[in-house]
Amino acid sequence: MRHASGIGRPAPRMYQALSVSELNNYLRELLETNPLLSDVWVEGEISEFKRHAASGHCYFSLKDSQALLRAVMWRSAAARLGALPQPGEAVLVHGYVSIYPQRGDLQLYADMLLPAGVGVLHARFEELKARLAAEGLFNLERKRPLPARPRRIGIVTAPQSAALHDMLTILGRRCPLVEVLVAPCLVQGERAPDSIVAALTSLFQAEVDVIIVARGGGSLEDLWSFNDEAVARAVFASPVPVITGVGHETDTTIVDLVADRRAPTPSAAAELVVPDLPELLAEVAGARARLDAAVSAILALRRSQVAEASRFVERHAPLRRLDRERQQVDDLLRRLERSVSAAVQLRSVALAGLAGRLQILSPRATLARGYAVARRADTGQVLTDPLQAPPTTPLTITLRDGELRATADEAG
């Protein structure tokens with residue numbers, strides 16, 4: 001829809017003379033702000049079609065049996081034409097009505113031109129499709145992948161509908177753990193677009209992981225709410241991925257083109273949005289087996305490292321070293337004892353030899369063999385020469401078993 005600016009200028013007062021420019025500009029503003037004339041489809045026959053060689057703009061007229069309307073299509077819109085229309089061809093033209101002030105000509109400013117046989121709904125579909133495509137709403141690079149394992153799913157559809165029943169059945173069968181939030185709305189009729197937008201907006205605040213927009217099959221008119229521009233822009237603004245399942249596989253709506261993923265039916269959308277529980281369990285089992293194997297490998301490695309560390313500690317433990325040192329001390333003690341014992345024995349033998357020799361040289365041993373030791377009794381001098389004892393000198397004679405008292409006679 002085209003929106004004109006500059007509205008609000010007061011209407012000319014009666015009897016006030018206006019210039020031609022003022023009148024044309026006033027009429028232009030009236031026309032461009034009129035809701036019907038600012039977004040209008042006109043069906044007619046092409047007349048006097050010309051394309052300006054330099055600018056690329058197209059100028060033509062539409063006529064029927066009773067009237068004629070001049071029209072212009074700018075180069076940007078004309079570039080989307082597959083082929084230039086021919087005079088006499090019946091066409092359906094979209095655009096807005098205004099006045100070319102310089103000449104005061106009433107014109108249709110066309111932005112789309114289709115063969116007349118396509119119908120108004122189809123023409124509106126193509127016009128909106130082309131416009132949203134030009135804005136980038138269908139770009140593939142902006143489409144987001146669906147979450148692999150959503151925890152909460154939002155559904156925008158009609159309550160009590162067969163489509164909702166089918167989707168809930170499939171979601172419960174494939175993944176009963178997932179939480180489903182249903183945002184009920186109208187899916188057909190004049191109030192349906194606003195209802196769908198309100199349902200989508202409510203889910204934007206519900207922290208869902210993905211949104212399904214769905215409706216069962218129907219005619220083009222029945223599905224027309226999903227070709228509404230406001231609905232398309234609401235889907236485009238969704239903070240989470242949106243998957244559509246509108247109508248049957250052959251039905252393609254504007255919302256399907258904007259959505260991140262299109263499913264051919266509501267049931268197919270439910271199939272796509274959640275994983276199958278048996279497949280998920282198998283995947284979890286596989287992941288658990290891989291985790292167990294990884295943990296076992298890590299534990300085996302750690303056990304080996306601990307055993308190696310224990311052996312190292314044992315080899316270098318202080319107590320073990322003390323034991324070894326203690327044993328060495330014991331060995332040294334035993335060696336010392338043997339050395340001392342041998343020395344003692346050696347000394348004992350030597351002492352015994354000396355004792356034997358001493359015994360042999362002992363005076364007592366000499367006395368025992370019958371010898372005697374004579375000493376002067378008065379001085380105790382041992383006599384070794386008779387001259388040492390003059391006559392009458394008292395003597396003491398020591399024998400083995402006692403002493404004798406004697407007196408020296410003359411020397412012999």
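Start your tour at strand β1, residues 40–51, and pick out Glu-48 within that strand. Keep in mind as you go that this is a predicted model. Check the backbone of Glu-48: phi is near 55 degrees, a positive value in a residue other than glycine.

Next, select Gln-160, in the loop between β6 and α4. Gln-160 is not a glycine either, yet has a positive phi of about 65 degrees. Switch on the surface here: is Gln-160 buried or exposed? Gln-160 is exposed, with a relative accessible area of 80%.

Now move along to helix α8, residues 266–273. Which residues of this helix are buried? Show Pro-266, Ala-268, Ala-269, Ala-270 and Val-273 as sticks, and you have them. A reminder for reading the helix: an α-helix has 3.6 residues a turn, so residues three or four places apart point the same way.

Keep those side chains on display and add their neighbours. What do the buried residues of α8 pack against? Two of the partners to colour are α4 (162–174) and β6 (152–157), the elements on either side of the Gln-160 loop. The others are the strands β8 (210–215) and β9 (242–246).

For the last stop, select the cysteines Cys-175 and Cys-185. Cys-175 counts as buried, at 8% relative accessibility. Cys-185 counts as buried too, at 6%. How many disulfides are there in the model? The count comes to zero, taking a disulfide as a pair of cysteine sulfur atoms within 2.5 Å.

Note on methods: Residues are numbered from 1 along each chain as its sequence is written. This is a predicted model: local features need pLDDT of at least 70, side-chain atom pairs count only at pLDDT 80 or more; totals for chains, interfaces and linings use all residues. Side-chain values use heavy atoms; hydrogens and water are left out. Buried means under 20% relative accessible area, exposed over 50%, partly exposed in between (1.4 Å probe, protein chains only). Helices (H or I, at least four residues) and strands (E, at least two) are DSSP runs, numbered from the N terminus. Contact means heavy atoms within 4.5 Å.
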